[in-house]
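Welcome! Let's take a friendly walk through a protein model, looking at how some of its strands pair up and where its pockets lie.

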Amino acid sequence: MTGIARALRALAAAGAALLAVTAAAPVAAARPEPKAPPEFVDLRSVDPTIITEMRYTTAHNFMGEPVDGYRQPVCILTRPAALALRTAQRSLLRQGYSLKVYDCYRPQRAVDHFVRWAKDLDDQSMKDEFYPQVDKTRLFEDGYIAEKSGHSRGGTVDLTLVKLPASPTRPYEPGEELAPCYAPRDERFPDNSVDMGTGYDCFDTLSHTDDPRVQGVQRANRQFLKSTLSAAGFVNLAEEWWHFTYRPEVFPDTYFDFPVARRSVAGH
């Protein structure tokens, strides 16, 4: 056998051995999505009468696109927070009102999405509605965007009141003309909630729960929501009339990242 023939045979043997090893190697398993601890539940399993309008699964939010981690329009909360909302809802139903939730548990990946968006100063597609008077360079400094959110701990909820019987809210059409979130109710984006003086997620000091410029029916509606939820164990964030946290929190120091999806709480 010539030297060339021996070299070719050696190369062929080496190639065959490599193919055998590759075929025998196990295929890497897909990384499983994290699931919620058993303390988390789908709000509908606790009280199906509470209206759900999960804004971050849609393009109708301050970023103008669905938010990372929001797979399905489901409100996930810790069980004590969900039970407390049920208590508040029972009181409201007797008075002809219902709660409507906009956001509940929020995964850390969604908060990270907010942060990336806030740093992209070229993307201001939703400014005319959600932050018409705030320069985007100030969103962190003014506290509208942060790198951590209490929502990620599972006991915080964004919500409003709806007078019954509830009319449906029309869907947002991407690209439609925007109106300021603090405009008079008949001029801003329609919502079947009572008039709170601003829309949800309005980046403006008029969203402060006790802003003195908000008077009359709008102020009364805010106080009605606040007093009802306070009686059920929730604490309002003074800068946002819609933002409430149930106390004591089940996970006061933990920020979760499982997706907003029914499978995250399946079997709970």
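Two strands count as paired if DSSP finds at least two bridges between them. Keep in mind that this is a predicted model. With that in hand, we can start with strand E5 and its neighbours.

**Strand E5 and its partners**

- Strand E5 covers residues 156–163, and seven of its eight residues are buried, so this strand is largely enclosed by the rest of the structure. Buried here means under 20% relative accessible area.
- E5 pairs with strand E4 (residues 97–103): six bridges join them, and the two run antiparallel.
- To find a spot in this pairing, look for Asp103, which stands opposite Asp158 in E5.
- E5 also pairs with strand E7 (residues 243–246), again in the antiparallel sense, over three bridges.
- Which residue of E7 is the bridge partner of Val157? That partner is Phe244.

**Strand E7 and the hairpin**

- The side chains of E7 go two ways: His243 and Thr245 point one way, while Phe244 and Tyr246 point the other way. Are these four residues buried or exposed? All of them are buried.
- E7 has antiparallel bridges to E6 too, three of them.
- Within that pairing, Val235 stands opposite Thr245 in E7.
- The link from E6 to E7 is a hairpin, made through six residues.

**The largest pocket**

- Rolling a probe the size of a water molecule over the atoms shows where empty space is left.
- The largest pocket has a volume of about 550 Å³.
- Its lining is made of 30 residues, and the closest to the pocket's centre are Gly143, Tyr144, Leu237, Glu240 and His243.
- Which elements give two or more residues to this lining? They are helix H4 (108–119), E5, strand E6 (234–236) and E7.
- Sorted by class, the lining of the largest pocket has eleven nonpolar, ten polar and nine charged residues.

**The second largest pocket**

- The second largest pocket has a volume of about 200 Å³.
- Here 19 residues form the lining, and Arg188, Phe189, Asp191, Thr198 and Gly199 are the closest to the centre.
- By class, the lining of the second largest pocket divides into nine nonpolar, four polar and six charged residues.

**Putting it together**

- Strand E7 links the topics above: E7 pairs with E5, is joined by bridges to E6, and gives residues to the lining of the largest pocket.
- His243 is a good residue to find on screen, since His243 belongs to E7 and is among the residues closest to the centre of the largest pocket.

Definitions and conventions: Residues numbered from 1 in each chain as written. Predicted model: local features only at pLDDT ≥ 70, side-chain atom pairs only at ≥ 80, totals over all residues. Heavy atoms only, no water. Buried < 20%, exposed > 50% of the residue type's maximum accessible area, 1.4 Å probe, protein only. 1 Å grid on protein atoms, 1.4 Å probe; cavity = no way out; pocket = protein on both sides within 12 Å on 5 of 7 lines; lining within 4 Å. Points joined across faces, edges and corners; volume = space filled by probe spheres on them. Nonpolar A, V, L, I, M, F, W, Y, C, P; charged D, E, K, R; others polar.
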